[in-house]
Amino acid sequence: MRRFYLPTLLLMLLGLASGQTNPSYINAELQRLIQAGGQNYANTLLRQAPDQALCSIHRNKLPAEVLGPFIEEQRRSIKYPADGKLMGDWKQGEPIFNTLARGNCFSCHVGSPLNIGGNVGPSLEKYGQRGTSEAMQKYTYEVIYNTWAYFPCTVMYRFGHNGLLKPEEIAHVVAYLLDPASDFNTKPALKR
C-alpha cells in the first residue's frame, strides 16, 4: 500500500506543479490516501482551491513554467461591471475602502484621509496622480478584482474573485483611488 501511496501522491503534486489548475487533480484514490494522513491534514489540503494549492506547494514562488498559465487563468476569472464602466462613483467607493467590514483597504495601504493606513501593502498615497486613462482604470480594477492576475500568491484579498465585492463596488473603489476630485486625492493621508 505504501508503495502505491508515495508515487501516486508525487504524480498528483507534479500535476499541480506543471500548472494544472483543474480541480480534478484529486481523484477518489488520492483523496482516500490524503485522508489517511489524518483529519487536520486532509481538511487543510482538500479544501484548498487548485490555485491556492499551487501557491502552497511552491511556497508562494511559482516557477516560470507554472507562472504564465497561472496568470492567464487568474485573468480569465475577472468579471467586469454590467455597464462596462470601470470607474464608478468615488463617494460610494470611500466607505468601501474605509470600512473594516467592507473593503478594509486602509488596513494594509496608506493613503486614506479618514484612517491611518497599514504597511502590509504599498502606499497608495496620491494614487490619482497616475491619471484616469483606460489602461490605468483597467489595471486598478483588475488588481482589486483578482490581484493574483498581477501578483500571484500575494496576501491581498481577491475581492471580486472570492465574491467579497461586486464588480460595481470595485468600480466605485477605483473611482475613489483615481478620480482627481476624490477626497483620496484632494485631502492629505492620515499617517502614524
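A residue counts as buried when its relative accessible area is under 20%, as exposed when over 50%, and as partly exposed in between. By that cut-off, Y176, at 0% relative accessibility, is buried. The model described here is predicted.

**Overall architecture**

The chain contains nine helices and zero strands. In sequence order the pattern is α-α-α-α-α-α-α-α-α. The chain has 192 residues, of which 43% are buried. Among contacts with a separation of 6 or more, 61% are between residues 24 or more positions apart. The exposed area of the chain is about 10,900 Å², and 55% of it is supplied by carbon and sulfur atoms.

**Salt bridges**

Side chains of opposite charge can pair when their charged atoms come close. The structure holds six salt bridges, and three of them are listed here, including their closest N to O distances.

| Salt bridge | N to O distance |
|---|---|
| D51 and R158 | 2.9 Å |
| K138 and E142 | 3.7 Å |
| K187 and D183 | 3.6 Å |

D51 forms its salt bridge with R158. This pair links distant parts of the chain: D51 belongs to helix α4 (residues 50-57), while R158 sits in the loop between α7 (134-145) and α8 (167-178), 107 residues apart. Both D51 and R158 are buried. R158 also takes part in a second kind of arrangement, since its charged end sits over the ring of W148, 3.7 Å from the ring centre.

The salt bridge of K138 and E142 lies within one helix. Both residues are in helix α7, four residues apart, which is about one turn of the helix. K138 is partly exposed, because its relative accessibility is 40%, whereas E142 is buried, because its relative accessibility is 5%.

A similar description applies to the side chains of K187 and D183, which meet in a salt bridge. K187 counts as partly exposed because it has 45% relative accessibility. D183 has a relative accessible area of 17% and is therefore buried.

**Aromatic pairs**

A pair of aromatic rings is described by the distance of the centres and the angle of the planes. A search of the whole structure finds eight aromatic pairs. In one of these, the rings of F97 and Y176 have centres 5.3 Å apart and planes at 55 degrees, so the pair is tilted. F97 is in helix α6 (residues 90-98) and Y176 in helix α8, so this pair ties together parts that are 79 residues apart in sequence. F97 is buried because its relative accessible area is 1%, and Y176 is buried because its relative accessibility is 0%.

How far apart are the ring centres of F97 and F184? The centres of F97 and F184 are 5.3 Å apart, and with the planes at 65 degrees the pair is edge-to-face. F184 lies in helix α9 (residues 183-186) and F97 in helix α6, so the pair ties together parts that are 87 residues apart in sequence. F184 is buried, as is F97.

Elsewhere, Y80, Y141 and Y145 form one aromatic cluster. Another ring, that of Y150, has the charged end of R75 over it, 4.4 Å from the ring centre.

**Cysteines**

The search of the whole structure finds one disulfide. The disulfide joins C55 to C153, with an S to S distance of 2.0 Å. The link of C55 and C153 is left-handed, with -80 degrees about the S-S bond. C55 lies in helix α4 and C153 in the loop between α7 and α8, so the pair ties together parts that are 98 residues apart in sequence. C55 and C153 are both buried. Helix α4 and the loop between α7 and α8 thus carry the residues of this disulfide, and they also hold D51 and R158.

Why is C105 not bonded to C108? The sulfur of C105 is 8.5 Å from that of C108, its closest cysteine sulfur, and this is too far for a bond, because a disulfide needs cysteine sulfur atoms within 2.5 Å. C108 is likewise in no disulfide, the nearest cysteine sulfur being that of C105 at 8.5 Å. C105 is buried because its relative accessible area is 11%, while C108 is partly exposed because its relative accessibility is 29%.

Methods
Residues are numbered from 1 along each chain as its sequence is written. This is a predicted model: local features need pLDDT of at least 70, side-chain atom pairs count only at pLDDT 80 or more; totals for chains, interfaces and linings use all residues. Side-chain values use heavy atoms; hydrogens and water are left out. Helices (H or I, at least four residues) and strands (E, at least two) are DSSP runs, numbered from the N terminus. Buried means under 20% relative accessible area, exposed over 50%, partly exposed in between (1.4 Å probe, protein chains only). Contact means heavy atoms within 4.5 Å. Accessible areas come from the Shrake-Rupley method with a 1.4 Å probe; for residues, only the protein chains shown count as cover. A salt bridge is a side-chain nitrogen of Lys or Arg within 4 Å of a carboxyl oxygen of Asp or Glu. Rings of Phe, Tyr and Trp (its six-membered ring) pair if their centres lie within 6.5 Å; planes under 30 degrees apart count as stacked, over 60 as edge-to-face and the rest as tilted. A charge sits over a ring if NZ of Lys or CZ of Arg is within 6 Å of the ring centre and within 35 degrees of the ring normal.
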